[in-house]
Structure formats: C-alpha cells, structure tokens
Number of protein chains: 2
Amino acid sequence: MDVSAETNLGFRPLYLQVREEITRQLASGRWQPGTMLPSEQELARELGVSQGTVRKALDAMTAERILVRRQGRGTFVAEYEESRILFQFFRLYPDSGERLFPISKVLKLSSATPNAREREALGLDETATVWRISRLRYHGSELMLRETLSLPGSIFQGLGEMEEIPNNVYRLYSQRWGVTVTRISEKLKAVSADEADRAELNCPVGTPLLEIRRIAFDLHKRPVEYRESRCQTDAMHYASDLI
Amino acid sequence: MDVSAETNLGFRPLYLQVREEITRQLASGRWQPGTMLPSEQELARELGVSQGTVRKALDAMTAERILVRRQGRGTFVAEYEESRILFQFFRLYPDSGERLFPISKVLKLSSATPNAREREALGLDETATVWRISRLRYHGSELMLRETLSLPGSIFQGLGEMEEIPNNVYRLYSQRWGVTVTRISEKLKAVSADEADRAELNCPVGTPLLEIRRIAFDLHKRPVEYRESRCQTDAMHYASDLI
DNA sequence: TAGTGGTCTAGACCACTTT
DNA sequence: AAGTGGTCTAGACCACTAC
C-alpha cells in the first residue's frame with residue numbers, strides 16, 4: 001500500500017493546540033476576567049511557537065468572545081459586564097424605547113432532585129441535586145417575564161446559603177465558582193398562560209407567552225445552567241440574527 | 001501641531017478593500033453561485049497585493065458565508081442548496097424526529113401598495129409597489145405555518161407573471177434577479193390565533209402562535225424581502241444559538 | 001517613547017483533491 | 001504529479017494607547 005496516498009487523520013494544527021493550552025490555563029485560573037494576558041511575543045516564547053501562531057489562537061478565542069483584544073493596549077479576559085450580557089446573552093428587546101438591563105426579583109431559592117427536563121439539559125441522573133431559582137424580571141418598571149434557573153448542586157456548592165442573588169448571575173458564576181459561560185442554546189415556543197403565569201405575571205389565563213428553554217455551556221462545553229422563561233411579548237420581542 | 005500625535009482617521013486596511021473589490025465583482029456577476037473563483041495566487045496577481053492579503057479577504061467572506069472554501073479544490077461562490085437554507089436560514093425544528101426541507105403551497109400572489117410595516121422594513125414609500133406571496137408551509141405532511149412574503153416590485157420585476165413559485169425562493173432570487181441574500185434579521189412574538197389563522201392553519205381561535213417578522217438583506221446590505229410568518233409550535237420549536 | 005495589537009509581505013512546507 | 005487551500009514562520013512596518 002502506498003502510504004503517500006493515505007489521508008493524515010491525526011493531523012491537528014498547532015494553533016488549535018495553542019488555543020487549547022491557553023484555554024486550559026484560563027480555566028485553571030491563571031488569568032482572571034478583566035485582566036491582561038501576556039503579549040503575543042511573550043506567549044510565543046512561553047509556548048515555543050511563532051508569534052503568528054499565537055495570534056491565530058488568540059483571534060479564534062476572540063471570535064468565541066472568550067477574549068477581548070484592544071489595539072495598543074493588550075489582550076484581556078472577557079468580563080460579564082452588563083453591556084456584554086445585554087448584547088451577547090439577552091435577546092429580548094422593547095418594541096420601542098431604550099434597552100435596559102433587566103432587574104430581577106427572586107421569589108424562591110430551593111434545592112431539589114432534577115426533573116426529566118433538567119436531567120436531560122444538564123446531563124444529570126436521579127441521584128443528583130439541583131438548585132432552583134425562581135424569579136421575575138422587569139424592564140424598567142414593566143414586568144417582563146418569569147423564569148426558573150436550574151443549576152447542578154455539584155458545581156454550585158454553597159449557593160443555597162447566599163443571602164442575595166444578583167441580577168447578573170453569569171458574573172456571579174464566574175466570580176464565585178470560576179464558571180465561565182461562553183455559549184448559550186435556546187429553544188422557543190408560543191404557549192398559553194396557565195394559572196401560575198396568571199398569578200405571577202398578572203395576565204389572564206390563555207394569554208400567549210413566549211417560552212424560552214435555555215442551556216448555558218462553559219469553557220469546556222459542559223452544560224452548567226438550564227433556564228425556563230415565560231415572557232409577555234405585547235411590548236417586547238425576541239431578536240434573532242441569522243448570518 | 002504635531003502630526004505624529006494625530007489619529008489616522010482615513011486608514012482602511014488593504015484586505016478590506018480587496019474584500020470590497022471581490023464583492024463588487026461578485027455582485028456584477030463575474031462569478032455565478034456554485035462556480036470557482038480564481039486561486040489566491042491568481043487573485044493576488046490581478047489585484048496587485050500579496051497572496052496573504054487575498055487570503056484574509058476570502059476568509060472574511062467565508063465567515064460571512066458568501067464563499068465556501070474547500071481544501072485541495074478551490075474557493076466557490078455559495079449556493080442556495082436546501083441544506084444551506086435549512087441550516088443557515090431556517091430556525092424551526094421538529095421537537096423530535098428528522099428535519100425536512102419545508103414544502104410550500106402558494107395561496108395567492110398579488111401586487112399592492114406597501115403597508116406601513118412593509119415600507120419600514122423595505123425602505124419604501126407610498127409610491128412603491130410590492131409583490132405579496134401568501135403560502136402555507138409543511139414539515140412532511142404536517143402543516144407548520146402560514147406566511148406572507150413581501151418583495152419590492154422595483155427589484156423583482158416580472159415576478160407576477162411566474163406560473164409557479166418554488167419552495168426555495170432564495171435560489172430563485174439569485175438565479176432570476178441576481179439577488180444574493182446574505183443576512184437575515186428576525187423578530188419574534190407570541191400571539192393569539194385569529195380568524196384568518198383558524199381558517200388557514202386549522203387551529204382554534206386563541207391558539208398561541210409564534211409570529212416571526214423577517215427582513216432579508218443582500219450583498220449590499222439592502223433589504224430585499226420582508227416576511228411575516230405565524231407558526232404552530234406544539235410540535236416544533238425555534239432554535240437560537242447565542243455565541 | 002515604548003509597548004501593544006493590526007497589517008502586509010514572502011516563502012516554505014503540509015494536507016487534500018483531481019488528473 | 002500538479003494544483004488548491006491550510007499552516008507556520010520571520011520580519012517589517014503601521015495604528016493605537018499609555019506614560
């Protein structure tokens with residue numbers, strides 16, 4: 001058999017290996033959100049590759065929004081500032097007027113055995129536990145949606161003892177547990193308001209609501225949050241850009 | 001005044017100029033969808049820049065899904081095959097089972113003066129005309145949604161004389177009018193089925209429906225299609241990935 | 001002025017496809 | 001074997017920021 005005619009299956013570009021190594025160091029906590037990475041030249045020396053190869057890795061991570069590069073300043077670990085949450089992770093817009101960061105009011109924080117949907121979304125079994133956070137969210141003074149967040153107890157240890165859950169939970173995950181949310185997958189349906197919706201959202205039973213089922217993934221593509229939201233869309237809409 | 005301290009406002013990277021030039025030639029019809037572009041080396045010679053600069057331009061256009069690059073074969077103008085439509089431009093999925101390209105049944109094709117929403121979406125005024133295509137769409141044998149497409153009469157001349165509108169309208173736009181859809185923006189709401197929905201979708205008045213208002217843009221970022229869809233989501237969902 | 005990322009070039013070599 | 005895109009390197013220079 002002529003070896004030269006074979007396909008080289010084991011091939012893995014150097015810049016992808018570099019990206020993985022930088023991701024590993026990031027996950028291990030070498031650089032905190034908001035801090036600067038070493039310069040391209042320095043990383044290249046550290047890793048024993050050329051500066052152009054480091055650049056390709058950093059560019060890929062910038063495209064994934066894990067890093068932020070600023071010409072003349074440096075390369076930084078992305079933070080969960082409100083503007084980023086608003087633009088990257090939140091697709092609900094008011095039909096008219098200014099966009100505001102949603103205010104949250106927590107109704108309940110509890111621990112439970114995961115139900116079927118939580119198990120499937122988070123890859124858990126019946127022996128696991130989840131935290132459940134029920135909350136309402138407001139756009140300004142307008143009640144917008146109600147939702148329940150489900151979080152694996154194994155990852156978010158001690159969550160139940162928190163006195164207050166902030167509006168910006170992704171920043172909390174990052175600061176308290178080192179969990180970096182990088183990708184989100186959402187499934188939408190139109191549903192009818194039930195009795196619970198009526199009680200919490202103050203709308204008649206039967207009102208059409210937008211139901212959003214979200215799974216959030218971390219740096220290692222591990223599911224870390226499952227969320228079910230039910231949203232009134234008479235004055236809001238969900239925006240989606242297909243590129 | 002020290003010139004060296006000023007910011008260089010007029011700066012425009014060469015690879016962006018190259019991208020624009022290639023986009024211009026693409027829009028002018030030099031290469032049809034599915035055909036191969038000249039090699040990087042050849043384009044570099046034509047345009048008087050280095051091969052690396054051409055590569056950067058082609059990579060950017062590939063990221064925009066205008067081009068498709070295949071190692072060992074060449075760089076091709078993206079086509080509107082069904083798989084691309086399904087993955088890039090169509091976000092509705094069955095809750096279970098296989099995804100199918102939606103079958104369309106045209107109910108009506110007419111010409112009209114644009115209403116307020118059409119004027120705003122397509123940037124038209126009261127003196128313009130639009131084509132309106134009303135149709136039903138099926139996933140297999142399952143009726144999924146009803147929708148109306150609105151198209152500027154000035155762009156899609158002669159559309160009214162067509163005997164049949166194919167399922168894949170973006171391929172039609174491309175083949176017949178040289179209109180290349182590259183980006184789509186959608187706004188979603190949950191609404192209640194009205195009398196017209198009942199009649200066409202065969203569902204009770206009051207059923208929650210997912211309403212999708214879509215604007216499609218061409219190579220020059222010009223709006224070329226406005227679409228309002230109303231979809232039953234008891235067995236389907238709308239998928240959205242936030243990255 | 002020094003340091004950072006961004007652009008541009010040139011060339012070598014690799015992986016993949018086609019002939 | 002020839003031709004394509006993909007990777008990797010090295011170096012020069014540009015644009016931007018901070019000091």
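This report walks through a predicted model of two chains, A and B, from a helix and its surroundings to the interface, the salt bridges and a few single residues.

**Helix H6 of chain A**

Let's start inside chain A, with helix H6, which spans residues 169–177. Its buried residues are A:Val169, A:Tyr170, A:Leu172, A:Tyr173, A:Ser174 and A:Trp177. What lies over them? The cover of these buried residues includes helix H4 (82–89) together with strands E5 (130–139), E6 (142–152), E7 (181–192), E8 (208–218) and E9 (223–232), which belong to chain A. After H6(A) comes A:Gly178, with a positive phi near 65°.

A:Tyr170 deserves a second look. The largest nonpolar core has 72 residues, and those touching the most other members are A:Phe156, A:Tyr170, B:Phe156 and B:Tyr170. Leaving out residues up to four places away in sequence, A:Tyr170 is in touch with A:Tyr80, A:Ile85, A:Phe89, A:Val179, A:Val181, A:Ile184, A:Arg214, A:Ala216, A:Glu225 and A:Arg227.

**Where the two chains meet**

Now for the interface. Here 31 residues of chain B are in contact with 31 residues of chain A. The size of an interface is often given as the accessible area lost when the parts come together. Between chain B and chain A, the buried area is about 2500 Å², and carbon and sulfur atoms give 53% of it. Which three residues supply the most of the area that chain B buries against chain A? They are B:Lys189, B:Leu242 and B:Ile243, with 28%.

Polar and charged pairs also span the interface. Between chain B and chain A, 22 residue pairs are in polar contact, counting pairs with both residues at pLDDT 80 or more. On the side of chain B that touches chain A, the elements giving two or more residues are helix H4 (82–89) and strands E7 (181–192), E8 (208–218) and E10 (236–242) of chain B. E7(B) provides the largest share, eleven residues. Sorted by class, this side of chain B has 14 nonpolar, seven polar and ten charged residues.

**Salt bridges, between chains and within them**

Over all chains, the salt bridges number 47, and four are found across the interface of chain B and chain A. The table lists some examples, with the distance from N to O.

| Pair | N to O distance |
|---|---|
| B:Asp95 and A:Lys189 | 2.6 Å |
| A:Arg183 and B:Asp241 | 3.7 Å |
| A:Arg213 and A:Glu211 | 3.3 Å |
| B:Glu195 and B:Arg198 | 2.6 Å |

Consider the salt bridge between A:Arg183 and B:Asp241. A:Arg183 sits in strand E7 of chain A and B:Asp241 in strand E10 of chain B, so this pair joins two chains. A:Arg183 is partly exposed, at 29% relative accessibility, and B:Asp241 is also partly exposed, at 45%.

The bridge of A:Arg213 and A:Glu211 pairs a partly exposed residue with a buried one: A:Arg213 has a relative accessible area of 27%, whereas A:Glu211 is at 8%. Both belong to a network of salt bridges that links A:Arg117, A:Arg146, A:Asp197, A:Glu200, A:Glu211, A:Arg213, A:Glu228 and A:Arg230.

How far apart are B:Glu195 and B:Arg198 in helix H7 of chain B? They are three residues apart in this helix (residues 195–201), so about one helical turn separates them. B:Glu195 is partly exposed at 47%, as is B:Arg198 at 36%.

**A buried arginine and two positive phi values**

B:Arg84 lies in helix H4 of chain B. Is B:Arg84 buried or exposed? With 11% relative accessibility, B:Arg84 counts as buried, because the cut-off for buried is under 20%. Not counting residues up to four places away in sequence, B:Arg84 touches B:Arg65, B:Ala78, B:Glu79, B:Phe89 and B:Val181. B:Arg84 and B:Arg65 are 19 residues apart along the chain, and their C-alpha atoms are separated by 9.8 Å.

Finally, a note on the backbone. Most residues other than glycine have a negative phi. A:Asn202, which is not a glycine, has a positive phi near 65°. A:Asn202 is in the loop between helix H7 (195–201) and E8 of chain A, and A:Asn202 is exposed at 71% relative accessibility. B:Lys221 is likewise not a glycine and has a positive phi of about 65°. B:Lys221 is in the loop between E8 and strand E9 (223–232) of chain B, and its relative accessible area of 66% makes B:Lys221 exposed.

Notes. Residues are numbered from 1 along each chain as its sequence is written. Chains are lettered from A and ligands numbered from 1 in the order in which they are written. This is a predicted model: local features need pLDDT of at least 70, side-chain atom pairs count only at pLDDT 80 or more; totals for chains, interfaces and linings use all residues. Side-chain values use heavy atoms; hydrogens and water are left out. Buried means under 20% relative accessible area, exposed over 50%, partly exposed in between (1.4 Å probe, protein chains only). Helices (H or I, at least four residues) and strands (E, at least two) are DSSP runs, numbered from the N terminus. Contact means heavy atoms within 4.5 Å. A nonpolar core is a set of buried Ala, Val, Leu, Ile, Met, Phe, Trp, Tyr and Cys residues joined through side-chain atoms within 4.5 Å. Buried area is the accessible area (1.4 Å probe) that two parts lose on being put together, summed over both. A salt bridge is a side-chain nitrogen of Lys or Arg within 4 Å of a carboxyl oxygen of Asp or Glu. A polar contact is a pair of N or O atoms within 3.5 Å; within protein, one must be able to donate a hydrogen and the other to accept it, and residues adjacent in sequence count only if both atoms are side-chain atoms. Ala, Val, Leu, Ile, Met, Phe, Trp, Tyr, Cys and Pro count as nonpolar, Asp, Glu, Lys and Arg as charged, and the others, Gly among them, as polar.
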